[in-house]
Amino acid sequence: MIKATDIVKSFGSLEVLKGVSLEVNSRAVTTIVGPSGAGKSTLLQIIGTLSVPDSGKVYYDGDDVFAMKDGRLSRFRNESIGFVFQFHRLLPEFTLEENVALPALISGIGRSEAFERARSLITLLGLASRAAHRPSELSGGECQRAAVARAMITHPRILLADEPTGALDSKSTDELLDLFAGLHQEGQTILMVTHSVKAASRAGRVLFLKDGQVFYQLRRENDTDTQFYQRISHALTALTTGGDAQ
């Protein structure tokens, strides 16, 4: 579904990504892990077309997204990509329902359908009783679930999540990961950047980014979450200390 080739990105004299290539299959859950400064979030922003690489290409189903004109690229981003960030970024003056409906309204979906979709997603995520509340009246976990609903309202082809559990307690983390698992079972493609081994262990494939390059990868195969967690932990320790990740 997604193919990134030879992605290079620098900020001034600092080269953050040094020729990264990767593929993300449709209906898969893929995570990217690695130390701070490895370029994980920068790579996710480029894949999400929020940032332009210095060189390299990103293809969605064979289409070179950075060859699109600005208007078409904006429509593609709004309709095909859902974003969930570490901090929910809900607009404080809007209710939960209004926040969720907003991307649909921006994409040109009629008000009636946009709010019908919002109510359906809010109910699915167990937030129906909180629909009229503003973000300041919600817990961190509720805000993050609302952010997922907002990301899903345009029926995106891929959900991109940047440290989505980073600001959550363990209970809210488990609830959000269970939510992602449910979306995956319904066919949603998910690409997540995370520092959390627990979050990474819920994926089918883990890419390890180090010094601006994909250094290693693991596939779940027949592992349980616990077994995959242990393999990921071992690989991270080995990569950090310069050992063998195998």
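Student: In this predicted model, which residue with a positive phi follows α1?

Tutor: The model is a predicted one, and the backbone just after α1 is found in the loop between α1 and β4. The residue there is not a glycine, yet its phi is positive, and with a relative accessible area of 3% it is buried. The residue that follows α1, with phi near 65°, is threonine 49.

Student: Is α1 itself largely enclosed or not, and how many of its residues are buried?

Tutor: The buried residues of α1 are Lys40, Thr42, Leu43, Leu44, Ile46 and Ile47. Because these make up most of the 8 residues of α1, the helix is largely enclosed by the rest of the structure, the number buried being 6.

Student: Serine 51 lies in the loop between α1 and β4; is serine 51 buried or exposed?

Tutor: Leaving aside its neighbours within four places in sequence, serine 51 is in contact with Lys9, Gln45, Ile46 and Phe66. Of these, lysine 9 is 42 residues away along the chain, with 9.4 Å between the two C-alpha atoms. The relative accessibility of serine 51 is 13%, and since the cut-off for burial is under 20%, serine 51 counts as buried.

Student: Where does a positive phi of about 55° occur in a residue that is not a glycine?

Tutor: The residue in question lies in the loop between β9 and β10. With a relative accessible area of 53%, aspartate 211 is exposed, whereas threonine 49 is buried at 3%. The residue with a phi of about 55° is aspartate 211.

Student: Which element gives the largest share of the largest nonpolar core?

Tutor: This core has 36 residues, of which Leu96, Val100, Val148, Leu159, Phe180 and Leu183 touch the most other members. Two or more residues come from each of α3, α4, α5, β7, α6 and β8. The largest share is 6 residues, and it comes from α5.

Student: Which residues of α6 does leucine 159 touch, not counting residues up to four places away in sequence?

Tutor: Leucine 159 is one of the residues that touch the most other members of the largest core. Its contacts include Gly82, Phe83 and Val84, as well as Ala151 and Met152, and Gln188, Thr189, Ile190 and Leu191. As α6 spans residues 170–185, the contacts that fall within this helix are Phe180 and Leu183.

Student: How many residues does the second, separate core hold?

Tutor: Apart from the core to which α5 gives the largest share, there is a separate one that includes Val16, Leu17, Val20 and Val24. The number of residues in this second core is 30.

Student: Is α5 roughly parallel or roughly antiparallel to α6?

Tutor: The contact is made by Gly141, Gln144, Arg145, Val148 and Met152 of α5, and by Ser172, Glu175, Leu176, Leu179, Phe180 and Leu183 of α6. The two helices pack with their axes 9 Å apart and at an angle of about 20°, and α5 passes α6 in a right-handed crossing. Angles under 35 degrees count as roughly parallel, and therefore the arrangement of α5 and α6 is roughly parallel.

Student: How many residues apart in sequence are the parts that arginine 157 and aspartate 61 tie together?

Tutor: The structure holds 11 salt bridges, and in the one between arginine 157 and aspartate 61 the closest N and O atoms are 2.3 Å apart. Arginine 157 is partly exposed at 30%, while aspartate 61 counts as exposed at 51%. Because arginine 157 lies in the loop between α5 and β7 and aspartate 61 in the loop between β4 and β5, the pair ties together parts whose separation in sequence is 96 residues.

Student: Which residue forms a salt bridge with arginine 119?

Tutor: Arginine 119 is in helix α4 and its partner is in helix α3, 22 residues apart. Arginine 119 counts as partly exposed at 43%, but the partner is buried, with a relative accessible area of 17%. The closest N and O atoms are 3.9 Å apart, and the partner is glutamate 97.

Student: Which residues are linked with Arg202 in a network of salt bridges?

Tutor: Arginine 202 forms a salt bridge with aspartate 225, the closest N and O atoms being 3.6 Å apart. Arginine 202 lies in the loop between α7 and β9 and aspartate 225 in helix α8, so the pair ties together parts that are 23 residues apart in sequence. The residues linked with Arg202 in the network are Asp178, Arg220 and Asp225.

How values were computed:
Residues numbered from 1 in each chain as written. Predicted model: local features only at pLDDT ≥ 70, side-chain atom pairs only at ≥ 80, totals over all residues. Heavy atoms only, no water. Core = buried A, V, L, I, M, F, W, Y, C linked by side-chain atoms within 4.5 Å. Buried < 20%, exposed > 50% of the residue type's maximum accessible area, 1.4 Å probe, protein only. Helix = DSSP H or I, 4+ residues; strand = E, 2+ residues; numbered from the N terminus. Contact = heavy atoms within 4.5 Å. Salt bridge = Lys/Arg side-chain N within 4 Å of Asp/Glu carboxyl O. Axes fitted to C-alpha atoms, helices over the stretch in contact; angles between N-to-C directions. Parallel < 35°, antiparallel > 145°, perpendicular 65-115°, else oblique. Left-handed = near helix turned anticlockwise from the far one by under 90°.
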